[in-house]
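Q: I am new to this structure. Please take a close look at one part of it, the charged pairs, and then set that part in its surroundings.

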Amino acid sequence: MKQVEERLFQLQDLKYRDFHAKLMPGYDKERIIGVRTPVLRKFARQFAKEPDAAEFLKELPHKYYEENNLHGFLIENLASDFDTAIEMTEEFLPYVDNWATCDGFSPKAFSKDLPRLYEKTCKWMKSRHAYTVRYGIVTQLRLFLDDEFRPEMPEVVAALHSEDYYVKMAAAWYFSFALIKQYDTVIELFRTERLDLWIHNKALQKAIESYRIDKETKDYLRSLKRR
């Protein structure tokens, strides 16, 4: 919607645009307006109260990176129940085209039915669309590595085999956090070399960089690196 686009350009910060573009290699810089995330979130909270917000959500695909982020933030603001949150998210996911938008939104309404959400994440990870797969992994990382964790959950992520960099990085990120939070269960996947080589080594690297793992454990994790 042209009016939304104009309002976003009024919030533009060109220095931030140049900085953020470097974090998204391969993404068309001309599609980045340059709106800082806290500013965009504030705008989303205000815009969610306007009638045009519902119309904006129908305008897919969006042209600009910030419009995609705004879409995700509107889902967070407008989806008050689980079913609505899932419906709006699944309508949007096929249009997500970068890691930052993918990782940037997570509706609070998801927590209202975690068993059903887990089934959805498993479904998303079977998608042919890389960022839908990544969203499934990241959602599991956020919500299923603590009280909701079950030993079979990492097996689902371990079974993924993708050549997409952003899917592999999400999986490595997931397993690095799993090593921090669910070490006794997840370490067996590393000992038995069940993960793809790149994910295995990258997850170890990220876990070793964490301040939440003690030196003795880090030394052991280093010994598990594969060649």
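A: Start with the count. The model is a predicted one, and a search of the whole structure finds 20 salt bridges in it. Three of the pairs are followed here, one by one.

Take Arg41 and Glu76. They form a salt bridge, and their closest N and O atoms are 2.7 Å apart. Arg41 belongs to helix 3 (residues 37–47) and Glu76 to helix 5 (residues 65–78), so the pair ties together parts that lie 35 residues apart in sequence. How open are the two partners? Arg41 has 28% relative accessibility, so it counts as partly exposed. Glu76 is also partly exposed, because its relative accessible area is 23%. The cut-off matters here: a residue is buried only under 20%.

Now a local pair. Lys58 forms a salt bridge with Glu55, with 3.5 Å between the closest N and O atoms. Both residues sit in helix 4 (residues 52–58). They are three residues apart, about one turn of the helix. Lys58 is exposed because its relative accessible area is 61%. Glu55, at 38%, is partly exposed.

The third pair is Arg116 with Asp83. Their salt bridge has its closest N and O atoms 2.6 Å apart. This pair links distant parts of the chain. Arg116 is in helix 8, Asp83 is in helix 6 (residues 82–92), and 33 residues separate them. Arg116 has a relative accessibility of 43%, so it is partly exposed. Asp83 has a relative accessibility of 43% and counts as partly exposed too. The pair does not stand alone: salt bridges with shared partners join Asp83, Asp113 and Arg116 into one network.

Stay with helix 8, the home of Arg116. What does this helix pack against? Helix 8 (residues 114–124) packs with helix 9 (residues 130–143). The angle is about 145 degrees, and the axes are 7 Å apart. Their crossing is left-handed. On the helix 8 side, the contact includes Leu114, Leu117, Tyr118 and Trp124. On the helix 9 side, Val133, Tyr135, Gly136 and Leu143 are among the residues met. How many residues of each class take part? Eight are nonpolar, five are polar and none is charged.

Next, the interior. The largest nonpolar core has 71 residues. Those with the most contacts inside it are Leu70, Ile137, Phe175, Phe190 and Leu221. Helix 11 gives the most to this core, with nine residues. A second, separate core has six residues, among them Ala21, Met24, Tyr27 and Tyr65.

Phe190 deserves a closer look. Leaving out residues up to four places away in sequence, Phe190 touches Phe175, Leu179, Leu195, His200, Ala203, Leu204 and Leu224.

Finish in helix 11 itself, which spans residues 165–181 and holds Ala178. Is Ala178 buried or exposed? It counts as buried, because its relative accessibility is 0%. Beyond its neighbours within four places in sequence, Ala178 is in contact with Leu145, Tyr183 and Val186. Ala203, one of the residues that Phe190 touches, is 25 residues from Ala178 along the chain. The C-alpha atoms of Ala178 and Ala203 are separated by 9.3 Å.

Terms used
Residues are numbered from 1 along each chain as its sequence is written. This is a predicted model: local features need pLDDT of at least 70, side-chain atom pairs count only at pLDDT 80 or more; totals for chains, interfaces and linings use all residues. Side-chain values use heavy atoms; hydrogens and water are left out. Helices (H or I, at least four residues) and strands (E, at least two) are DSSP runs, numbered from the N terminus. Buried means under 20% relative accessible area, exposed over 50%, partly exposed in between (1.4 Å probe, protein chains only). Contact means heavy atoms within 4.5 Å. A nonpolar core is a set of buried Ala, Val, Leu, Ile, Met, Phe, Trp, Tyr and Cys residues joined through side-chain atoms within 4.5 Å. Axes are lines fitted to C-alpha atoms, for helices over the stretch in contact, and angles run from 0 to 180 degrees between N-to-C directions. A crossing is left-handed if the near helix is turned anticlockwise from the far one by less than a right angle, and right-handed if clockwise. Ala, Val, Leu, Ile, Met, Phe, Trp, Tyr, Cys and Pro count as nonpolar, Asp, Glu, Lys and Arg as charged, and the others, Gly among them, as polar. A salt bridge is a side-chain nitrogen of Lys or Arg within 4 Å of a carboxyl oxygen of Asp or Glu.
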